[in-house]
Amino acid sequence: MAEIPQLRADGRNWTDYREKILRVAAQQKLDKLYDGTETLQGDAEDWQQRNAIAKSLIVETIPDSIFLQILHYESAHKFFEALKNLFEKDIATLELLQELRNNRSKREATYGLESANDRVRKTKRRRTEKRAASRAQTGTNEPAKSREKTRSGRGR
């Protein structure tokens with residue numbers, strides 16, 4: 001029988017934990033309780049006993065902080081679904097972040113290490129330099145708008 005790792009409170013090992021607990025549950029013919037395909041029908045006493053064993057596999061391998069979040073559920077299926085809801089959203093987020101990082105790496109490989117912000121800063125710097133050069137040619141340090149206001153008498 002495969003050993004089920006202790007689930008970390010932050011869920012970093014959720015994928016490994018999920019695979020191993022499902023493997024152990026399948027070996028003990030409890031896996032249908034986790035996926036919800038085996039429900040309370042027929043022999044209620046047998047189902048309750050099997051459900052209790054399936055729940056105990058989870059309870060024995062999760063931290064108390066997680067157990068407190070799921071203890072109100074009555075079925076192993078609900079226990080397992082609650083764990084999935086807690087940790088698979090985070091995994092989806094991590095996968096999305098990884099995809100974004102990969103896309104950024106591809107973009108940097110294509111366009112160089114310059115980021116969009118760097119390109120904006122360079123463009124602003126060029127505009128400022130052009131304005132300064134044009135002011136130097138006209139012999140004034142004032143921006144064009146200030147000169148216009150002064151000439152029309154509305155300025156300083």
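How much area does the protein expose, and what share of it do carbon and sulfur atoms supply? The exposed area is about 11600 Å². Carbon and sulfur atoms account for 49% of that area. These values, like those that follow, come from a predicted model.

The fold is helical. Seven helices and zero strands were assigned to the protein. Along the sequence, the pattern reads α-α-α-α-α-α-α. The protein has 156 residues, of which 22% count as buried. Contacts between residues at least 6 apart in sequence were also examined. Of these, 46% join residues at least 24 apart.

The nonpolar interior was considered next. In soluble globular proteins, nonpolar side chains tend to be buried together. Here, the largest nonpolar core holds 23 residues. The members that touch the most other members are Leu7, Tyr17, Ile21, Tyr34, Ile58, Ile62 and Leu83. Helices α1, α2, α3, α4 and α5 each supply at least two residues of this core. The largest share comes from α5, with six residues.

Tyr34 illustrates how these core contacts are made. Residues up to four places away in sequence are set aside here. Tyr34 then touches Ile21, Leu22 and Ala25, among others. Its further partners are Ala54, Leu57, Ile58, Ala76, His77 and Phe80. Two of the Tyr34 partners, Ile21 and Ile58, are also listed among the core members that touch the most others.

A polar residue also sits in the interior. Thr61 is found in the loop between α3 (44-59) and α4 (64-70). Thr61 has a relative accessible area of 9%, under the 20% limit, and is therefore classed as buried. The side chain of Thr61 makes a polar contact with the side chain of Tyr17, at 2.7 Å. Beyond residues up to four places away in sequence, Thr61 touches Ile4, Pro5, Gln6, Leu7, Tyr17 and Ile21. Among these partners of Thr61 are Leu7, Tyr17 and Ile21, which belong to the nonpolar core.

Charged pairs were then surveyed. A search of the whole structure finds five salt bridges. Which helices does the pair Arg18 and Glu88 tie together? The side chains of Arg18 and Glu88 meet in a salt bridge, 2.8 Å from N to O. Arg18 lies in helix α1 and Glu88 in helix α5, so the bridge ties together parts that are 70 residues apart in sequence. Arg18 is partly exposed, at 22% relative accessibility. Glu88 is also partly exposed, with a relative accessible area of 26%.

A local pair is found in α5. Glu81 and Lys84 form a salt bridge at 3.4 Å, N to O. The two residues are three apart in helix α5, which means that about one helical turn separates them. Both ends are partly exposed: Glu81 has 25% relative accessibility, and Lys84 has a relative accessible area of 26%.

Salt bridges also form a network. Arg8, Asp10 and Arg12 are its linked residues. Within this network, the closest N and O atoms of Asp10 and Arg8 are 3.4 Å apart. Asp10 counts as partly exposed at 38% relative accessibility. Arg8 counts as partly exposed at 39%.

Two surface features complete the survey. The first is a nonpolar patch of about 270 Å². Leu96, Leu97 and Leu100 make this patch. Leu97 is found in helix α5, which spans residues 76-111. Leu97 is partly exposed, with a relative accessible area of 37%. Patch membership requires over 30% relative accessible area, so Leu97 passes that cut-off. Helix α5 thus carries a residue of the surface patch and also supplies six residues of the largest nonpolar core.

The second feature concerns the backbone. Most residues other than glycine have a negative phi. Lys29 departs from that pattern, with a positive phi near 55°. Where does Lys29 lie? Lys29 is placed in the loop between α1 (14-27) and α2 (31-35). Is Lys29 buried or exposed? Lys29 has a relative accessible area of 59%, and because this is over 50%, the residue is classed as exposed.

Definitions and conventions. Residues numbered from 1 in each chain as written. Predicted model: local features only at pLDDT ≥ 70, side-chain atom pairs only at ≥ 80, totals over all residues. Heavy atoms only, no water. Patch = residues over 30% accessible without salt bridge, like charges linked within 9 Å, V, L, I, M, F, W, Y side chains within 5 Å. Areas by Shrake-Rupley, 256 points an atom, 1.4 Å probe, with all protein chains shown as cover. Salt bridge = Lys/Arg side-chain N within 4 Å of Asp/Glu carboxyl O. Helix = DSSP H or I, 4+ residues; strand = E, 2+ residues; numbered from the N terminus. Buried < 20%, exposed > 50% of the residue type's maximum accessible area, 1.4 Å probe, protein only. Contact = heavy atoms within 4.5 Å. Polar contact = N/O pair within 3.5 Å; in protein donor to acceptor, adjacent residues only side chain to side chain. Core = buried A, V, L, I, M, F, W, Y, C linked by side-chain atoms within 4.5 Å.
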